[in-house]
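Hi everyone, thanks for making time for this. I'd like to walk you through one model today, starting with the overall picture and ending on a spot at the surface. Here it is on the screen.

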Amino acid sequence: MIDLFDQRRFYLAVAALFGLPGLVLGVTAAGLGMWVGLTEPPHAGLPPPPVLVGWGLAGLLGLLAWVRLSTAWLLTGQEGLRWLHPAWWYLLGAGMAAALVLVGMAVADRTPGHTPVLLLLAGPPVLFPAALLLVQRRRLRRAGLHG
């Protein structure tokens, strides 16, 4: 079994490799989605504006939660995750759902000559480190240390 120090060091490497690029592009894509939903009239090829605003807001809040949970895990380990408010985990779940929408859009895109690489880079890379945080939460619950 890997000790907590090595787990946190591994998480730092994963967060740097996947999380930071996903964070930068994810904030950009979510902010753009919110801006388009708030300022542009409805178009035939786009979802309704409330859907765009909701998706963008879920993405931004999920990325914020990922940063907060990651900081707690890296600085204080399980103790930091134990004392965080449960709302952070719900926000992380909302962000993961928003990222999975991007994965679905990229898979469903059948436009000839078009590769939806940007969709796969804007948010979904954060799914991997977010899943590692969920594993830590599950370990805390199994040990009876987290409500």
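**A walk around the model**

Let me begin with the surface. About 8600 Å² of the protein chain is exposed, and carbon and sulfur atoms supply 74% of that area. Please keep in mind that this is a predicted model.

Now the fold. The protein chain has 6 helices and 0 strands, so if you read along the sequence, the pattern is simply α-α-α-α-α-α. Taken along the principal axes, the C-alpha atoms fill a box of roughly 50 × 30 × 20 Å.

How much of the chain is buried? Of its 147 residues, 37% count as buried. As for contacts, take those with a separation of 6 or more: 72% of them come from residues 24 or more positions apart.

A quick word on charge, for those of you setting up electrostatics. There are 10 positive and 5 negative side chains in the protein chain, and the centres of the two sets lie 10 Å apart.

Back to the surface for the last part. Which residues form the nonpolar patch? They are Val24, Leu25, Val117, Leu118 and Leu121, with about 430 Å² of accessible area together. Two elements give two or more residues to this patch, namely α1 (4–39) and α5 (117–121). The largest share, 3 residues, comes from α5.

Let's zoom in on one of them. Leu118 lies in helix α5. Why does Leu118 count as exposed? Because its relative accessibility is 57%, and the cut-off for exposed is over 50%.

That's my tour, and I'm happy to rotate the view for anyone.

Conventions. Residues numbered from 1 in each chain as written. Predicted model: local features only at pLDDT ≥ 70, side-chain atom pairs only at ≥ 80, totals over all residues. Heavy atoms only, no water. Helix = DSSP H or I, 4+ residues; strand = E, 2+ residues; numbered from the N terminus. Buried < 20%, exposed > 50% of the residue type's maximum accessible area, 1.4 Å probe, protein only. Contact = heavy atoms within 4.5 Å. Areas by Shrake-Rupley, 256 points an atom, 1.4 Å probe, with all protein chains shown as cover. Lys, Arg positive; Asp, Glu negative; His and termini not counted. Charge placed at Lys NZ, Arg CZ, Asp CG, Glu CD. Patch = residues over 30% accessible without salt bridge, like charges linked within 9 Å, V, L, I, M, F, W, Y side chains within 5 Å. Salt bridge = Lys/Arg side-chain N within 4 Å of Asp/Glu carboxyl O.
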